[in-house]
Amino acid sequence: MRIALLFLALTFVPIQLPAQTPTPQEADYTVHNFRFESGETLADVRLHYRTLGTPRKDAHGHTTNAVLILHGTGGTGATFLRPIFAGVLFGPGQLLDAAKYFLIIPDNVGHGKSSKPSDGMRARFPQYDYGDMVALQHELVSNGLGVDHLRLVIGTSMGCMHSFVWGETYPEAMDALMPLACQPVQIAGRNRIWRKMVIDGIRGDPEWKGGDYTAEPRAGIEIGADLLMIAGLAPMLMQKEASTREEADKYLAEARERQKTGLDANDLLYAVSASRDYDPSAKLGEILAPVMWVNSADDFINPPELGIAEREVKKVKRAKFVLIPAAEETHGHGTHTWAKFWERYLKELMEESEPKP
């Protein structure tokens, strides 16, 4: 069975880069005395990141080839080193050829090897939101790596939402934006309800103990992981590959077993809660860069029948919205990481946004 959980990086995923691709370089950058939008501060915020390739500068010292790649809720930058993404984009002659571009792939605060609640502060960790996450990404890019301009910002799911925030907050900082699998509006309706179910499921587990548990709260973790699984799976693909009751039950049992490794309740709680005040809709007209916005028709989290994308894309000066049709081969919300479904739209965006000499 080849069904994969692509909404959350809950399971080990193999890293397999194309031949002749530069080896990813991993490092940490520390932001000192960062003030979160909640008013809380943290003396040191560690941002882990990966880079591929080498930055290039023009005659004026401005970076010309940097690409920022942003992961989804619960994920890490390692997500993009899988064959379904890197194997399609990072190899010689491919659209984001790592020999041509300087690829910046961070683990967001609260995720991966960056600072997060499970490092020790638990529920006393600052309540970060998307504004904080983007501000920290900007600190990493500009101060940590010395990159003053981005050729492209591309993001999946939560990273998709971050892409819209980047376009509004730093409108002259990039040549192009490619948001994949999100909406640029307040998290409301069913999207908010299932997220609130995850949050309440963790907080309502007596074993959560206000975040000061010594063993993972089993019920809270299971509720959260189950809802995230449903949100991320593709109905047509699931029906095809788990076509009997026995196959479906086996899939669920195996997925739950995999999820027990490496999943922390506080980290999950914070990650899902971070979307609480996201709403870029009022400032979409301030985005200057060309935008290629791609969603998929079988996405539980961003159902196309709401018509939100068709309405909101009109607010962006230079934007195109594409809806990938549902098929047995698409992956629901997780289609965002399968580059083969949307690489032609990235090609179009890169050609349209090519800086003039």
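Helix H8 (residues 265-273) is mostly covered, with 9 of its 9 residues buried. The structure described here is a predicted model. The buried residues of H8 are Ala265, Asn266, Asp267, Leu268, Leu269, Tyr270, Ala271, Val272 and Ser273. The elements that cover them include H4 and helix H5 (218-232). At the N-terminal end, H8 is capped by Asp264, which places a side-chain oxygen 3.0 Å from the backbone nitrogen of Asn266. Asn266 therefore takes part in the cap through its backbone nitrogen, and is itself listed among the buried residues of H8.

## The sheet

Strands of a sheet pair through backbone hydrogen bonds, in either a parallel or an antiparallel sense. In this model, 8 strands form an open sheet with mixed pairing, in the order E1-E2-E4-E3-E5-E6-E7-E8. The edge positions are held by strand E1 (25-35) and strand E8 (319-324); each has a single partner strand, so one side of each is left without a neighbour in the sheet. On average, neighbouring strands are turned by 20° against each other, direction ignored.

Three of the strand pairs are set out below.

| Strand pair | Sense | Bridges | A residue pair |
|---|---|---|---|
| E3 (66-70) and E4 (102-106) | parallel | 3 | Leu68 and Ile104 |
| E3 and E5 (152-156) | parallel | 4 | Leu70 and Gly155 |
| E7 (291-296) and E8 | parallel | 6 | Ser296 and Ile324 |

Strand E3 stands between E4 and E5 in the sheet order. How many of the residues of E3 are buried? The count is 5 of 5, and the strand is described as mostly covered. Both of its faces are covered: Ala66, Leu68 and Leu70 are buried on one side, and Val67 and Ile69 on the other. Leu68, which is buried, stands opposite Ile104 in E4. Leu70, also buried, has Gly155 of E5 as its bridge partner.

## Helices across the sheet

Helix H2 (residues 130-144) lies across E1, strand E2 (41-52), E3 and E4, and runs at about 120° to E1. Helix H3 lies across E3, E5, E6 and E7, running at about 145° to E5. Strand E3 is thus named among the strands crossed by H2 and among those crossed by H3.

Two packed helices are described by the angle between their axes and the distance between the axes. For H2 and H3, the axes come within 10 Å and cross at roughly 75°. That angle makes H2 roughly perpendicular to H3. On the H2 side, the contact is made by Tyr130, Met133, Val134, Gln137 and His138; on the H3 side, by Met158, Met161, His162, Val165 and Trp166.

## The disulfide

The structure holds 1 disulfide. It joins Cys160 to Cys182, with an S to S distance of 2.0 Å. Which parts of the chain does this pair tie together? Cys160 lies in helix H3 (residues 158-169), and Cys182 in the loop between strand E6 (177-180) and helix H4 (189-203), so the disulfide links parts that are 22 residues apart in sequence. The torsion about the S-S bond is about -65°, so the disulfide is left-handed. Both Cys160 and Cys182 are buried.

Helix H3 thus carries one cysteine of the disulfide and also makes contact with H2. Helix H4, which follows the loop holding Cys182, is one of the elements covering the buried residues of H8.

How values were computed. Residues numbered from 1 in each chain as written. Predicted model: local features only at pLDDT ≥ 70, side-chain atom pairs only at ≥ 80, totals over all residues. Heavy atoms only, no water. Disulfide = S-S within 2.5 Å. Helix = DSSP H or I, 4+ residues; strand = E, 2+ residues; numbered from the N terminus. Buried < 20%, exposed > 50% of the residue type's maximum accessible area, 1.4 Å probe, protein only. Pairing = 2+ DSSP bridges. Contact = heavy atoms within 4.5 Å. Polar contact = N/O pair within 3.5 Å; in protein donor to acceptor, adjacent residues only side chain to side chain. Axes fitted to C-alpha atoms, helices over the stretch in contact; angles between N-to-C directions. Parallel < 35°, antiparallel > 145°, perpendicular 65-115°, else oblique.
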